[in-house]
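Work through the exercises below with the coordinates open beside the text. Each task sentence is followed by a solution that proceeds step by step.

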Amino acid sequence: MTFARIAGTGSFLPEKILTNKDLEKLVDTTDQWIRDRTGIEQRHIAAADQSAVDLAEPAARAAMNAADVVASDIDLIVFATSTPDRIFPSCACLLQARLGIHGCPAFDIQAVCSGFVYALATAEKFVRTGAAANVLVIGAEVFSRIINWNDRGTCILFGDGAGAVVLQASEQAGILSSHIHADGRYADLLQVPCGIGVNYDDFKAGHGYVEMKGNEVFRMAVNTLGQIVDDTLAAAGLSKQDIDWLVPHQANHRIIAATAKKLALPMDQVVVTVNKHGNTSAASIPLALDVAVRDGRIQRGDTLLLEAFGGGFTWGSALIRY
Ligand code: ACO
């Protein structure tokens, strides 16, 4: 059987750091409140001339180097983002040209914070069916562009960044199972409420900002992630004890801790970057994965559980033999 194996990881963060102390000057909040409620200490913010593709390019190059592949080896690009450079062409096409890759299919996936898990699950299907052998899977966001910097309920949460993996066809185990879900009935709880088709005048006036009913999203996220963890392990015939590392979407430390508790995993087996990165939406999981691979915590042969929850609502998980 052909598996889809993570052959290399990469990530990139913009230089500018915005601390909680900096936010105290923008809105009525405190460093202590943000740390207590979210675990976030700081986040990176893209420069005015940096786009999602600008952040994705160095992340993709790092993943390709780690996987020891060159441009001509890549036969599919799947790019997860909710903050694309342009309405079209897709970020995947723009990145393809930057990397000097020509002719292979390239497309974007929009599933907000679950975007990377969606992209990974999609890429896995191409690899398993033999349609692709080396897939570049990216999550990259400039969420700072869709934040209302006067709204203390949302502006404290998000940051910018990019992460990437090369998913490669292999006889060795890789992704053991992946699971993706959505329920559009909850669209209004977490949204940018204007765009091309809805409230177009607001969109044209530059009022395309994230709105969130934080409390309700929090409750749904904890319950849904608890359920998907059980379902994922059952589908693979594994038990909680088989998990070496939880690599969760980095939205809020309390949500991450609740999922770890459900898995009976001590926090030192959970990769946490939310303190330094904030919530980078589709970029958060590949960023966290790359950090833990490069600092040596995640080793070949380890079993990883990736999970995410985000706007849509969308949610998903992937169980991986690294
Ligand atoms: N500083 C100080 N006080 C604040 C701030 C702030 N930054 N923000 C809100 N408050 C106040 C509120 O006004 C409220 O005051 P009140 O009691 O006088 O009305 C009080 O703090 C409590 O507010 P809550 O919203 O109940 O605070 P909560 O504990 O729920 O924390 C938070 C808010 C951090 C946003 C949390 O709800 C959360 O993390 N939600 C989930 C976010 C998430 O996971 N999103 C999914 C992925 S994101 C994506 O897909 C794009």
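Helices, here DSSP runs of H or I with at least four residues, and strands, runs of E with at least two, are numbered from the N terminus. The model is a predicted one, and the exercises refer to its elements by that numbering.

**Exercise 1. Overall form**

Task: Determine how many helices and strands the chain has, and decide what its radius of gyration says when set against that of a compact globule.

Solution. Step one is the count, which gives 11 helices and 13 strands in the chain. Step two is the comparison: for 322 residues a compact globule would have a radius of gyration near 20 Å, and the 18 Å of this chain agrees with that. Step three adds the extent along the principal axes, where the C-alpha atoms fill a box of roughly 55 × 45 × 35 Å. Step four turns to contacts, and among those with a separation of 6 or more, 75% are made by residues 24 or more positions apart.

**Exercise 2. Surface and charge**

Task: State what share of the residues is buried, and describe the accessible surface and the charged side chains.

Solution. Taking buried to mean under 20% relative accessible area, one finds that 55% of the 322 residues are buried. The accessible surface of the chain comes to about 13300 Å², and carbon and sulfur atoms contribute 51% of this area. As for charge, there are 27 positive and 35 negative side chains, with the centres of the two sets lying 3 Å apart.

**Exercise 3. Salt bridges**

Task: Find the number of salt bridges in the whole structure, then examine the pairs Arg98 with Asp54, Asp201 with Lys204 and Arg294 with Asp290.

Solution. Side chains of opposite charge can pair when their charged atoms come close. The search of the whole structure yields 16 salt bridges.

In the bridge between Arg98 and Asp54, the closest N and O atoms are 2.8 Å apart. This pair links distant parts of the chain, since Arg98 belongs to helix α4 (residues 91-98) and Asp54 to helix α3 (residues 52-67), 44 residues apart. Arg98 is partly exposed because its relative accessibility is 35%, and Asp54, at 24%, is partly exposed too.

The bridge between Asp201 and Lys204 has an N to O distance of 4.0 Å, and both residues lie in helix α7 (residues 200-204), three residues apart, or about one turn of the helix. With relative accessible area over 50% counting as exposed, Asp201 at 58% is exposed, and Lys204 at 56% is exposed as well.

For Arg294 and Asp290 the N to O distance is 2.7 Å; these residues are separated by about one helical turn because they stand four residues apart in helix α11 (residues 284-294). Arg294 is exposed at 51%, whereas Asp290 is buried at 3%. Elsewhere in the list, salt bridges that share partners join Asp31, Arg35, Glu41 and Lys276 into one network.

**Exercise 4. A glycine in a loop**

Task: Locate Gly39, decide whether Gly39 is buried or exposed, and list the residues that Gly39 touches.

Solution. Gly39 sits in the loop between α2 (31-38) and β3 (42-45). Its relative accessibility is 16%, and therefore Gly39 counts as buried. Leaving out residues up to four places away in sequence, Gly39 touches Ile34, His253, Val274 and Asn275. As a last step, the C-alpha atoms of Gly39 and Leu287, which are 248 residues apart along the chain, are found to be separated by 17 Å.

Notes:
Residues are numbered from 1 along each chain as its sequence is written. This is a predicted model: local features need pLDDT of at least 70, side-chain atom pairs count only at pLDDT 80 or more; totals for chains, interfaces and linings use all residues. Side-chain values use heavy atoms; hydrogens and water are left out. The radius of gyration is taken over C-alpha atoms; the globule rule is 2.2 Å times the number of residues to the power 0.38. Buried means under 20% relative accessible area, exposed over 50%, partly exposed in between (1.4 Å probe, protein chains only). Contact means heavy atoms within 4.5 Å. Accessible areas come from the Shrake-Rupley method with a 1.4 Å probe; for residues, only the protein chains shown count as cover. Lys and Arg count as positive and Asp and Glu as negative; His and the chain ends are not counted. The place of a charge is taken as NZ of Lys, CZ of Arg, CG of Asp or CD of Glu. A salt bridge is a side-chain nitrogen of Lys or Arg within 4 Å of a carboxyl oxygen of Asp or Glu.
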